[in-house]
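Q: Hey, can you walk me through some side-chain contacts in this one? I'm new to this.

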Amino acid sequence: MEGKLMAIPFLFTIFFTLHLTVTTSDSPQYQTLTIQPLPQLPQSLSWLTANELEQQQSTPSNTLTVQLQHVDLLSSSSFNATPNALFKLRLQRDALRVKSLSLLAALSAAPAKDFSSSIISGLAQGSGEYFTRIGIGTPPKYLYLVLDTGSDILWIQCLPCAKCYSQSDPVFDPSKSSTFATLSCDSALCRQLDSPGCNNHNKCLYQVSYGDGSFTIGEFSTETLKFRKTSINSVAFGCGHDNEGLFTGAAGLLGLGKGKLSFPGQVGKRFGQKFSYCLVDRTGSAKPSYIVFGESAITRNAIFTPLLTNPKLSTFYYVELIGISVGGTKVPVITPELFKLDAEGNGGVIVDSGTSVTRLTQPGYVAVRDAFRSGTKDLIRAPDFSLFDTCFDLSGKAKVKVPTVVLHFAGADVALPAANYMIPVNVEGGYCFGFAGANNGLSIIGNIQQQGFWVVFDLVGNRLGFVPRGCSY
């Protein structure tokens, strides 16, 4: 299968921090939701070919842009699954991922003697929701990689395989790349691993474990990555020879976490330590999603909130959620203390690309849900669906009015479009309120609520921004 990437123009912009305030008296109480059930047929997967990539215009040396696709497109191409079945699988993946993220957060907050020595990623089941296609090695071999802001390590399956799961592309053969190099056990990069290993030939070994028991083990190495016409040399990655579990389709993972070994952590200085992505709704749009590295990742109309630091866990992107408004009124139960990240690393709110449904700590979720129910009494209720306990039968309707929802972060108020919290769950017109409760202290802003926003990660300014202007670039 030949790889495709979308060529788009590049913009260099001057940026500043814009603080928006929302007063409950002037806030709209309702907005219109256009009814779009799950599509009857899954969308097709398409990319530019490698030859077409070579014909594209050169991009600025300090900017990278690649196209993203939702993992359901890869699943539907491989298994011919129905939209209803794909959505149910998405929720199953989501539950496992949230369990893994919560486990990692809990382990980080535990006393040192109880801390797991292995790296535990948020990518439960290898199920990060969006993936891209980039070149690995020299000459480059184009492979599907899942993007994950909840992981730091970049890894792919490599020959020879002690055990490799099925992927869409041929497994990468490092012996056929002139730029592949293994790292020694005493190298600085190897020492940055949480639990580095060493074989009899002094080669550095890595292991990434997942919450469901899946794992990848292999040599920690360096290789050249190619994004369109831009090549990045000597990127540290895991060359996995034993990869077991419920992974599907993609060749590996591109870790976008906040740690030093993530892709932004390694190449950040070259690209200004800035990146952004915009995720489109895979159920209602044929438009592509994008991720941009470099100064072009930030635009002047971004609104920013500070990134918080968890002293026990460097991977996650923590933000301060101080309130939520429903129907133009702030929910009284939602206070900064409810989502506080304490000094031991407990609690807090993270923004995550691989979790679909936003999870709020249980008291907060119940309060927001009840406020939303109060504003939707005229809609026909439907039975609960999977993790959703507030669902509606909107079959036969073209449009309905639903209460507005605004997330109040420190310094930034993000008003969500109706489609970001009233989501279709089947092809018949069933919709559910797209939030869920968390039974532990960690709250997660998922990618359904991020859809249509450029989400900006400014690691120099230690801030995270939102640009509510759609995914055009």
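**Charges and rings**

A: Sure: Arg381 lies over the face of Phe392, at 5.9 Å from the ring centre. For that, NZ of Lys or CZ of Arg must be within 6 Å of the ring centre and within 35 degrees of the ring normal. This is a predicted model, where local features need pLDDT of at least 70 and side-chain atom pairs 80 or more, while totals for chains, interfaces and linings use all residues. Residues are numbered from 1 along each chain as its sequence is written, and side-chain values use heavy atoms, leaving out hydrogens and water.

Q: Cool. Which ring does the charged end of Arg133 sit over?
A: That of Tyr144, 4.4 Å from its centre.

Q: Switching topic: how many aromatic pairs does the whole structure have?
A: A search finds 19. Rings of Phe, Tyr and Trp (its six-membered ring) pair if their centres lie within 6.5 Å; planes under 30 degrees apart are stacked, over 60 edge-to-face, the rest tilted.

Q: Why is the pair of Phe263 and Phe293 edge-to-face?
A: Their planes are at 75 degrees, so the pair gets that label, with ring centres 5.1 Å apart.

Q: And where in the chain are those two?
A: Phe263 is in helix 5 (residues 263–267) and Phe293 in strand 14 (residues 289–294), 30 residues apart. Helices (H or I, at least four residues) and strands (E, at least two) are DSSP runs numbered from the N terminus.

Q: Is Phe263 buried or exposed?
A: Buried, at 1% relative accessible area. Phe293 is buried too, at 3%. The cut-offs are under 20% for buried, over 50% for exposed and partly exposed in between (1.4 Å probe, protein chains only).
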